[in-house]
Amino acid sequence: MQDTVIESKAPTAKTVQVERTKKTTKTESNAMNAKRSPTEIAESITETVGKPLAQNAKLAMRNVNVHYDQKQAVFDVNLDIAENQVVALIGPSGCGKSTFLRCLNRMNDTIDICRVEGSIQLDGMDIYDSKLDVVPLRARVGMVFQKPNPFPKSIYDNVAYGPRIHGLVNRRADLDDVVESSLRKAGLWEEVKDRLESPGTGLSGGQQQRLCIARTIAVSPEVILMDEPCSALDPIATAKIEELIAELSQNFTIAIVTHSMQQAARVSNRTAYFHLGRLVEVNETEKVFTNPDHELTEAYITGRFG
Amino acid sequence: MTSPNNSKPLSQQAALVQKSLAKRYASERRFKAYGLASVLFGLCALLVLFVEIFGGGLSGFKTTQVALTLELDSDVLEVYDATNPDEILAGNYTGVIRNALKERFPDATGRKEKRALYSMISVGATYDLRDQLAADPDLLDTSIDVWILADDDIDTYYKSLSSVPYAERMSDKQQQWVQDLIDKQEIRTIFNTRFFTSGDSSEPEMAGIRGAIMGSLLTMMVTLLLSFPVGVAAAIYLEEYAPKNRLTDFVEVNINNLAAVPSIIFGLLGLAIFINLFEMPRSIPLVGGIVLTLMTLPTIIISSRAAVKAVPPSIREAALGIGASKMQMILHHVLPLAMPGMLTGAIIGMAQALGETAPLLMIGMVAFIMDVPGAITDPATVMPVQIFLWSDSPERAFVEKTSAAIMVLLMFLMFMNAMAVLLRKRLERRW
Amino acid sequence: MESSVLVIAIFVLGIIAFVVGRSRSVAISQNVGGIRFLNSLPFYYGALTALWCAIPSFLVFAVWSLFDDAIIRSAIIATLPAEAAESVGGNLNLLFNQIYNVSVDAAGSESAPDYMVAAAQHLHSMQSISRWALTGLVLACALGTSIVVWSRINPQLKARYQVERVFRSFLFLCSSLAILTTIGIVVSVLFESIRFFAMVSPIDFLFGLEWSPQMAIRADQEGSSGSFGAIPLFTGTLLIALIALIIAVPCGLMTAIFLSEYASSRIRDIIKPMLEVLAGIPTVVYGFFAALTVAPFIRDMGLSIGLDQWLPISSESALAAGLVMGVMIIPFVSSLSDDVINAVPQSLRDGALGLGSTRSEVIKQVVIPAALPGIVGGVLLAASRAIGETMIVVMAAGLAANLTLNPLDSVTTVTVQIVTLLVGDQEFDSPKTLAAFALGLMLFLVTLSLNYFALHIVKKYREQYD
C-alpha cells in the first residue's frame with residue numbers, strides 16, 4: 001500500500017528501487033501510515049526512533065524548537081552528541097539540519113527573527129541561559145561554514161586571529177607554534193609554510209576550507225560544527241577534508257551537516273536523519289546506512305527523495 | 001528583409017509593417033538625436049562655464065607693477081633709525097612714493113591731477129616698502145629702483161589693453177601716463193604671490209585668499225573630525241546593531257529626508273541653536289564646522305552604510321564562529337573592509353561641504369575679515385563665501401579675483417574627487 | 001585651569017587609567033596562570049578603567065560648564081542694589097554685560113559707579129572660584145572612579161561585556177543624532193515662527209501680495225504687517241524652479257536614456273564623469289556664472305530683439321537663474337533616472353524587442369511607463385532641490401519682490417529673502433528677522449513633504465522590481 005503512495009509521488013525510474021526495497025519495510029510503516037505522503041508521515045512524527053541519547057553526552061539537546069518569525073523550522077528535537085564522536089546530520093534540503101547546527105553555538109543569534117526554545121547543554125551548562133556570554137561559548141564550540149570564508153588577511157593572521165582575541169598565548173613564539181600546529185592538524189602546513197604572509201583569499205577553494213578549519217582548531221574548541229564543509233569543493237579537496245575530519249575526531253567532538261550520504265557514511269560514528277524539521281532517526285552510522293529503523297530514513301538513503 | 005522584387009509577395013500584414021517602417025525609423029533617429037542633443041547641451045554648459053571662468057580668472061593670478069626710483073630720505077620718511085621697529089612702523093612711506101611719482105611725471109599739476117597720479121599706486125606699495133626697509137636698514141638715505149604695486153584701476157586697464165581696453169575709471173591723463181610707462185617699459189605684470197599670502201582686503205590689488213583658504217581648512221577640519229566618526233558609528237549601529245523596530249525606521253526616514261533638506265535650513269538651525277541659544281560667537285570655523293557636519297552627516301551615513309552592507313556576511317560569520325564578540329567582529333573585520341568605501345563617502349561629503357555657502361551666510365561667516373585665522377575660534381570666512389563676497393563687490397578688478405578664487409576652489413574640489421575615485425579604484429575589493 | 005586644558009587633562013588621565021588598568025589585569029593574571037584565565041583580554045580591563053575615568057568626569061565638566069555662567073549671573077544680579085536695575089531701565093542683560101566689561105577691562109572701570117566695580121570684583125572672584133572648584137571636582141571624579149574600577153579588577157570581572165555596552169551606546173547616540181537634528185530644525189524654526197506669527201497674522205503672511213520687510217522696521221510705517229505678504233516670494237520661487245525643471249527634466253532624462261541605451265560603454269565612461277563634474281561644482285560658482293555671463297546675455301538678447309516693448313526686462317532675470325539652476329540639476333536628474341531605468345528588468349525590454357519594436361519604441365512604450373513612478377520620484381526630488389537652492393538665486397535673481405510671471409523680469413525667492421533678512425545684524429524681536437524663520441518653516445515643510453513623497457514613491461518602485 002505504502003509503495004503505491006510513493007510511486008504516485010515519484011513515478012519515475014526510482015520505482016524500480018522501491019520494488020527492490022519493498023521487503024525491508026519497517027515496523028513503523030504500519031497501517032497507520034498507509035496512504036500517506038512522506039510529508040504527512042514526517043508531520044506525524046513525535047518521537048525519534050533509534051538511539052538519540054548517549055552516555056557521555058558532550059552536547060545534550062532537549063525539546064529544541066526553532067522558529068523563524070511565525071514559521072517553525074525545527075520541531076522538538078532531542079539529541080545527544082557524545083564526546084569525541086562525529087555525528088552526521090543528514091536530510092533533504094530545507095529540513096532544518098543547518099538551522100539546528102547553528103543553534104549549537106548560537107550563530108542563530110545573528111538572525112533577528114530566529115527564536116530557539118528548549119534546552120541545549122554543553123557539559124551540563126545551558127547555552128541559552130540569558131546570562132551566558134556567547135563569546136566564550138563560541139570559543140568552545142567552533143564552526144566551519146559551507147563556503148570557505150577566510151578573512152582577507154594573511155594566512156598566518158587568519159589562524160592567529162582566534163588565539164589573539166581570546167588571549168590564549170602571551171608570546172609571539174607560542175603563537176607561531178599554535179599557528180603551525182593548527183595548520184599541520186588541518187593538513188595545510190606543507191602547502192603554505194613558505195607563504196604564511198600571503199593573503200588567505202589567494203588559496204584554492206579546498207585550501208581555503210582547510211585554512212578555515214585550521215583557524216577554528218587554533219582556538220582548541222571542544223566541539224567543531226561543520227555546515228556542509230565540502231559542498232563548495234571538488235572531490236579531491238573533499239577527500240582531504242574528510243581525511244582531516246577523521247583525524248580531528250580523535251581530539252574533538254564534531255557535528256557535521258552534509259548533503260552527501262557517502263560522506264556521512266565515511267566520516268561519522270552516528271548519523272541523525274532530519275525530515276521537515278523533525279529528527280526522524282538517530283543510530284550508529286553503519287546501522288542507518290544498512291538497516292535503518294524508519295521508513296523515511298530508508299526512503300532517503302535509497303534515494304527515493306531528497 | 002529582402003526586397004519584394006525577387007521573393008514571394010508579402011502577406012498583407014508584412015506589407016503594412018513594411019510601410020510603417022520608414023516612419024518608425026525616422027522617429028527612432030529623432031529620439032536618438034534628442035538624447036545626443038541633451039548630452040551635448042550638458043557638455044556645452046560645462047565647457048562655457050569653464051571657458052568663462054578660466055578665461056577671466058587666469059589674469060587674476062597676475063598683478064601689475066610700476067617701476068619707480070625711490071629716494072628713501074630719512075627726513076621725508078621721518079625714520080632716523082631704521083633698526084627701531086616703532087619708527088619703521090610710523091614711517092611716511094606715502095610721501096616717498098608721492099615724491100617719486102612727482103619726479104617721474106612732472107606734468108601732473110594741480111590738485112586733481114596730482115590726486116589722479118597718486119591714486120595710480122596701491123596703498124599696498126607702502127607696506128611693501130616698509131617691509132623692505134625693515135629687512136634692510138642700510139637702505140635708509142639711499143635711492144632704490146623698485147617695482148611697486150599698481151592700483152587696481154591701473155591693473156585692470158593695463159591687462160585689458162591687449163583686448164578691449166576698459167578705461168571707465170581712468171582719466172585721459174592717467175591713460176597717457178600708463179602709455180608712457182609702457183613705452184619706457186616701466187610697467188609689467190608678474191605672478192601675484194600676494195593673492196596666496198594675504199587675507200581679504202577692500203583694495204582688490206591687495207586682496208588674497210589665504211584667509212579664506214585657512215578658514216576653509218579649519219572649518220573642514222572640524223567637519224571631518226566630527227562627521228566622519230559620528231557618521232561611521234551611526235552607519236555601524238544601523239547596519240549591525242539596530243533592531244528592526246519603529247525607532248530604527250524613524251531614524252532611517254530621518255536620515256534620508258535630511259539628506260535632501262535645503263542647506264540653508266541647516267544655517268537657520270545653526271543660527272537659532274548655536275548662535276542664539278548657546279551664545280557661541282559668530283563667524284567662527286567651529287560653528288561653521290558643526291553646521292556643515294549636520295549637513296554632511298546624512299551623506300556620510302548613507303555611503304558608510306552601503307560600504308558596511310557590502311562586506312559579505314560570511315566574514316562576519318567566520319569571526320563570530322571563532323568566538324569573536326560583536327565589537328571585535330566589527331572593529332577587526334567589518335570596519336577595515338568597509339573603510340575604503342567609507343572614506344570615499346567622506347571625501348565626497350567633504351567636497352560638498354567645501355563648496356557650501358548658504359548655511360555659512362546664516363551664521364555670519366560673511367563678515368569682512370582681513371586677518372588670516374589661526375584657530376577654530378578665530379573669526380574667519382571660507383572660500384565659497386569669499387567668492388560670494390568678491391562677486392558682490394562693485395570694483396571691476398574683483399571679477400578676475402573671483403574667477404581666480406573659483407579656479408583655486410575647483411582645483412581643491414577636483415583633487416578631492418580624484419582622490420575619492422582613486423581610493424575607490426585602488427582599494428576596491430572584489431568578493 | 002582653562003577648559004581646554006581641563007579637557008586635555010581628562011584625556012591624559014584616561015590614557016594613564018588605561019595603562020594602569022591593563023597592567024593590573026596582566027599582573028593579576030600571573031597569579032591565576034596566564035591571560036587565558038582572565039574573563040577578558042587585558043585591553044578591555046584597561047579600556048574599562050579609562051572609560052570610567054573619562055566619561056563621568058567629562059559629564060561633570062559638561063554639566064558644570066553649561067550652568068555655571070547662568071548661576072554666577074543670577075548670583076551677581078541678586079546682590080545688586082535696586083538703583084542699578086533702574087539705571088538701565090530694567091534691562092538686566094545689559095547691566096550684566098556692563099559689569100562683565102568692567103571685570104575684564106579694569107581701565108574702563110574708572111567711570112563706572114561703585115556698585116558696578118564691586119559687582120565686577122565679585123564676578124571675578126566667583127569666576128575664579130568656579131574654575132578651581134570645577135578643576136578639583138573633575139580631577140577628583142576622574143581619580144575616584146578609576147581607583148574604584150582599578151581595585152575591582154579581577155579575573156571574573158566582565159570587562160569586555162561592559163566595554164561593549166558602552167561602545168554600543170555610543171553608536172546608538174551617534175545614530176540618534178539624525179533625529180536630534182530634525183528636532184533641532186523643527187524646534188528652532190517653529191519657535192521663532194510662532195513669535196513671528198504673534199506679530200503678523202498667518203493669513204496676511206500666506207496670502208498677502210506685497211512683500212517689503214525693509215519698511216516694516218520703521219515705527220511710523222503704517223500697516224507694517226501688510227508688508228509681509230509672501231505670495232510674491234512663492235510665485236518667484238515657483239517660477240524659477242519651474243524654469244529649472246523645464247530645462248533639467250527633459251535634458252536629464254534624455255541624457256540618462258542616451259547613455260544607458262544608446263551610447264557605447266566607452267563613450268559612457270567618458271561622458272558620465274564629465275557630467276558628474278557638473279554636479280560637483282559649488283552653487284556659488286553657478287551663481288557667479290549666472291550673474292556675470294548668463295543674465296547680461298539674456299538681457300542683451302531680449303533688448304536686441306525688441307522684447308522690451310512688451311515686457312519689462314531686468315538685468316537680473318528669473319530666466320537666467322532658472323536656466324543655470326536647470327543646468328546644475330541635470331546631473332542630479334540624470335543619475336536618478338539612470339538608477340530607475342536600470343531597475344526595469346531586461347525581460348520587459350526583451351519582450352518588446354521580440355515583437356519587433358525599435359529601440360526608441362521599447363523605451364517610450366515599455367521602459368518609461370514601467371519606470372514612471374521612479375522618474376516622478378526623481379522629479380519631485382529635483383523640484384525640492386530647485387526650491388531650496390540658494391546661492392544661484394541670491395546672486396542672479398535679485399531682491400525685488402515682483403509679483404510677475406515674466407521670466408525676463410527680476411523676481412525674488414524664499415531663500416533669497418531668508419539670506420537678505422538674516423545676513424548682517426539681527427534683532428530677534430523684530431518681525432523682519434523673525435520673518436526669515438517663518439519663510440524657513442515654509443521652505444522646510446514644502447521640501448520635507450516633497451522629499452518624503454519622492455522617497456516613498458522611489459522606495460515602492462524599487463520594491464516592485466526587487
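**Sheet in chain B**

I started with the open sheet of chain B, which in this predicted model has three strands in the order β2-β1-β3, paired antiparallel. I noted the edge strands as β2 (143–149) and β3 (187–191) of chain B, each of which pairs on one side only. I looked up the twist: neighbouring strands of this sheet are turned by 40° against each other on average, direction ignored.

How many bridges join β1 to β3 in chain B? I find five between strand β1 (residues 62–71) and β3(B), and the two run antiparallel. I checked B:T64 and found that its bridge partner in β3(B) is B:T189.

I then looked at what lies across the sheet strands. Helix α4 (residues 93–104) of chain B lies across β1 and β2 of chain B, and I noted its direction as about 85° to β1(B).

**Aromatic rings**

I searched the whole structure for aromatic pairs and got 25 over all chains. I picked out B:Y237 and C:F172, an edge-to-face pair with 5.3 Å centre to centre and 70° between the planes. This pair crosses between chains: B:Y237 belongs to helix α10 (residues 210–241) of chain B, and C:F172 to helix α6 (residues 159–199) of chain C.

Are the two residues of this pair buried or exposed? I have B:Y237 at 6% relative accessibility, so B:Y237 counts as buried. I have C:F172 at a relative accessible area of 32%, so C:F172 is partly exposed.

Next I took B:W390 and B:F398. Their ring centres are 5.6 Å apart and their planes stand at 25°, so I entered the pair as stacked. The cut-off behind that entry is planes under 30 degrees apart. I found both B:W390 and B:F398 buried. I followed the ring pairs further and found that they link B:W390 and B:F398 into a cluster with B:F61, B:F191, B:F195 and B:F196.

**Charges over rings**

I looked up two cases in chain B. B:K326 lies over the face of B:Y241, at 5.1 Å from the ring centre. In the other, I noted the charged end of B:R396 over the ring of B:Y166, 4.2 Å from its centre.

**Helix α6 of chain A**

I turned to helix α6 (residues 155–165) of chain A and found this helix mostly covered, with nine of its 11 residues buried. I listed the buried residues as A:I155, A:Y156, A:N158, A:V159, A:A160, A:Y161, A:G162, A:P163 and A:I165.

What covers the buried residues of α6(A)? From chain A the cover includes α7 (172–185), α8 (189–192) and α9 (205–217), and I also noted α15 (326–354) of chain B. I looked just past the helix as well: α6(A) is followed by A:G167, whose phi is positive, near 65°.

**Confidence**

I checked chain C and recorded a mean pLDDT of 85, with 92% of its residues at 70 or more. Where in chain C is confidence lowest, and where highest? I found the lowest in helix α8 (residues 213–216) of chain C, at a mean of 58, and the highest in helix α9 (residues 231–262) of chain C, at 93. I marked residues 221–226 of chain C, over which pLDDT stays under 50. For that stretch I noted six contacts in the model beyond four places in sequence.

For the complex I copied down the predictor's ipTM of 0.89 and pTM of 0.83.

Definitions and conventions. Residues numbered from 1 in each chain as written. Chains lettered and ligands numbered in written order. Predicted model: local features only at pLDDT ≥ 70, side-chain atom pairs only at ≥ 80, totals over all residues. Heavy atoms only, no water. Buried < 20%, exposed > 50% of the residue type's maximum accessible area, 1.4 Å probe, protein only. Helix = DSSP H or I, 4+ residues; strand = E, 2+ residues; numbered from the N terminus. Contact = heavy atoms within 4.5 Å. Phe/Tyr/Trp six-rings, centres within 6.5 Å; stacked < 30°, edge-to-face > 60°. Lys NZ or Arg CZ within 6 Å of the ring centre and 35° of its normal. Pairing = 2+ DSSP bridges. Axes fitted to C-alpha atoms, helices over the stretch in contact; angles between N-to-C directions. pLDDT = per-residue confidence, 0-100.
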